[in-house]
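Biologist: Could you walk me through this structure? I'd like to start with one chain and then see how the chains meet.

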Amino acid sequence: MKYLGSYLLLYNADSYRIAKWDKKSKAYILESELDVESEIWEAIDNSLLSNFLERIIKSLVEHLASENGITIGTLNDEEEVVFTYNRFPMYVSIQKKHAQFFDVFLDFVKFLGDYEDDFDLFELFKRFQDAELFTALQEMNVEALIQSMKSIMAVENL
Amino acid sequence: MDSGCSRFYLYELKDDGTYYLIDAMSFRDARDWYTDSKRIIMYMFENLFQATFETVDKKPFLVRYNTVLFYTIPDEYGEWILSMKKFLVSLVDRKQFRPSDAPDLSKLKLFKVMQLLEKKKYFTLVRDKKYYEASEVLKEIMSVEAI
């Protein structure tokens, strides 16, 4: 298999996968996977949270693609991005910190799904605010995003 | 104001002793104004509005007139609703939904809007029922970003 970088983020029909290059077998091994439909939309009833989480992962992929000089979409109705890179799956070569982000993001999705039962909107927004999650997203600062999500999850009683 | 089916109508008592309609909004209809990304902002404000409406110090005024409930609400809560409406329509991408007196913030992206609210501690203000201060934050963002 051709070496494209230590980590790859693959996208295919609302599924995101992280694959790591294995030197021995000279192949990419699947590390983690997120299916937007089942793990976000079906797991979280609140549409605000579902929309928001989906937007985070889409934005990250768009950001990574632009960083790598890859045009992954054509703009449709200004915001809708249709992923059409190199047929399927679309892949982006990423760094270790991006793979770490993906793992933390998976935990974050699960955390919000569990937390939703005792949903307190004010406290949740305030935690997002205090953890400067929105600023980290605006700047697409992956390290800050990881820290932000971890600090939100670290609070036991939101 | 009255509230039902995610719609609100805001009336103001004038000097002649009559309530006049000064603004109205349907969150359900307004969702269609926005692109996929910005619809999150609409959901966010709708959730905030519904959650605050449950707790605001309101008094029933006329109960169940034409299937809607009427309430009197504190002035600063009314002002927050007006600011919220103007802020939301200022973010609409399509010009035909934006009144001429609303600033044009349509170029602002989703996370940028949230970041601006975050920096001004907007969610803390709303949670703490500081509606006047929350209104001022929205007005400030509109005035600065619109220039």
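Modeller: Before we read off an order of elements, note that helices (H or I, at least four residues) and strands (E, at least two) are DSSP runs, numbered from the N terminus. Please also keep in mind that this is a predicted model.

Biologist: Okay, so in what order do the elements of chain B run from the N terminus on?

Modeller: The order in chain B is β-β-β-α-α-β-β-α-α-α-α, read from the N terminus, and this chain has six helices and five strands.

Biologist: Which strand is joined to S2 of chain B by seven bridges?

Modeller: That is strand S3 of chain B, residues 19–26, which runs antiparallel to S2, residues 7–13. Within this pair, B:Glu12 stands opposite B:Tyr20, a residue of S3.

Biologist: And how many residues lie between the strands in that hairpin?

Modeller: There are five between S2 and S3 of chain B, and in this hairpin B:Gly17 takes a positive phi near 80 degrees.

Biologist: How much of chain B counts as buried?

Modeller: Of its 147 residues, 34% count as buried. As for contacts in chain B with a separation of 6 or more, 46% of them come from residues 24 or more positions apart.

Biologist: Switching topic: how many residues does each chain bring to the contact?

Modeller: Chain A brings 19 residues and chain B brings 22. On the side of chain A that touches chain B, helices H2 (47–67), H4 (121–130) and H5 (133–139) each supply at least two residues.

Biologist: What classes of residue are on that side of chain A?

Modeller: The side of chain A that touches chain B has seven nonpolar, five polar and seven charged residues.

Methods
Residues are numbered from 1 along each chain as its sequence is written. Chains are lettered from A and ligands numbered from 1 in the order in which they are written. This is a predicted model: local features need pLDDT of at least 70, side-chain atom pairs count only at pLDDT 80 or more; totals for chains, interfaces and linings use all residues. Two strands pair if DSSP finds at least two bridges between them. Two residues are in contact if their C-beta atoms, placed from the backbone, lie within 7 Å. Ala, Val, Leu, Ile, Met, Phe, Trp, Tyr, Cys and Pro count as nonpolar, Asp, Glu, Lys and Arg as charged, and the others, Gly among them, as polar. A residue is buried if 20 or more other C-beta atoms lie within 10 Å of its own, exposed if 12 or fewer, and partly exposed in between; C-beta atoms are placed from the backbone.
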